[in-house]
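Work through the following exercises with the sequence and the model at hand. Each task is followed by a solution in steps.

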Amino acid sequence: QKADGENLRSPICCIMGHVDTGKTKLLDCIRGTNVQEGEAGGITQQIGATYFPAENLRDRSRELKADVKLKVPGLLVIDTPGHESFTNLRSRGSGLCDIAILVVDIMHGLEPQTIESLNLLRMRNTEFIVALNKVDRLYGWNTCRNAPITKAMKQQSQDVQNEFKRRLIQVTTQFKEQGLNTEVYYDNKEIGKTINIVPTSAVSGEGIPDLLLLLAQWSPKTMVEKLTYSNVVQCTVLEVKGLEGYGTTIDVVLVNGVLHVGDQIVVCGMQGPIVTTIRVLLTPHPMKELRVKGACLHHKEIKGAQSIKIAAQSLEHAIAGTGLYVVGPNDDLEVVKESAMED
Ligand code: GTP
Ligand code: MG
Ligand code: NA
């Protein structure tokens, strides 16, 4: 297939960073949801996934009057836990993504899991932007709900602006110590070479239009090769869980390819390969989190990238973090079973 920019899949964007920097809250702000407040202890303990249709990204960044021509159908955003004990989930999340947002708390600067996350991203050469979150915590911040960041900054006292600049310099210095050049995006003259920083507030929404604009603009330009849609199924199991009326289901991220109801699939199981048939394909509504219980949409087939709940028999012993394989008409089942068990 030609990389002509016309047959692109949705990019997958992973949100990473130290615990409590506001990763989930940023997603809540964009979705208009309240997932974070429902989390046990306010701590994310699973990988999350939310699909954002392209129109939505465009609408929310409209105020910046940029000419956004999105060639991708949307964006699949993966939320990861920041708590130190979930290194495996951060690694799994970063392994799935095409691009990433590294969230830094402006009041704390770089923290241990910020550095761990950025090393995971560097290891895979994943491009990322930095969301410098919680700007509303700057002493004396004047709320400008959902405003582009430069507009919000103009509404701040000289003291707040100075404090912002001081902390911004601290953070860029800390990144420099990690060997990375970063710059606040509206001053960045070396896009591609120097990493963009977007100041944000997940509570009052300042900088969110800017963040969405950068996400929307960036992927099609730099990612055409990587995002050209392919028919080869690339799919990872995130969670194995019961769902009322469906028995044991698996939550998966379909990176590429298509899944159909009736497809014969193989997943890695604790007692050997599990061969089964897709009975039901469910997705959350657009802008809703996969890991939160709620109304789902039924599909006959789904194209990647998407997060999906699959109901099928015999999934009880499926193992999270492993690949899902489809047995095609010309495939040798034994070979597919071997591939599945190698994960
Ligand atoms: P983990 O997933 O557990 O690593 O945390 P997280 O990075 O997802 O952070 P979370 O969204 O749970 O937010 C942590 C706390 O910071 C919550 O109490 C949020 O309300 C608060 N918070 C997040 N973003 C902001 C922000 O922009 N401003 C302010 N004032 N508080 C914020
Ligand atoms: Mg979280
Ligand atoms: Na948290």
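**Exercise 1.** Determine which residues coordinate the sodium ion (ligand 3).

*Solution.* The donors of the sodium ion (ligand 3) are D20 (OD) and G42 (O), at 2.2 to 2.3 Å; donors are N, O and S atoms within 2.8 Å of the metal (3.2 Å for Na, K and Ca), and sites may look incomplete, as water is not among the atoms. The pair links distant parts of the chain, 22 residues apart: D20 is in the loop between strand 1 (12-17) and helix 1, G42 in the loop between helix 1 and strand 2. D20 counts as partly exposed because its relative accessibility is 47%.

This is a predicted model, in which local features need pLDDT of at least 70 and side-chain atom pairs pLDDT 80 or more. Residues are numbered from 1 along each chain as its sequence is written.

**Exercise 2.** Identify the residues that coordinate the magnesium ion (ligand 2) and state whether they are buried or exposed.

*Solution.* T24 (OG1) and T44 (OG1) coordinate the magnesium ion (ligand 2) at 2.0 Å. T24 lies in helix 1 and T44 in the loop between helix 1 and strand 2, so the pair ties together parts 20 residues apart in sequence. Both T24 and T44 are buried (under 20% relative accessible area; exposed is over 50%, partly exposed in between; 1.4 Å probe, protein chains only). Between the magnesium ion (ligand 2) and the sodium ion (ligand 3) the distance is 4.5 Å.

**Exercise 3.** Locate E37 and state whether it is buried or exposed.

*Solution.* E37 belongs to the loop between helix 1 (23-31) and strand 2 (48-53). E37 counts as exposed because its relative accessibility is 58%.

How values were computed
Chains are lettered from A and ligands numbered from 1 in the order in which they are written. Side-chain values use heavy atoms; hydrogens and water are left out. Helices (H or I, at least four residues) and strands (E, at least two) are DSSP runs, numbered from the N terminus.
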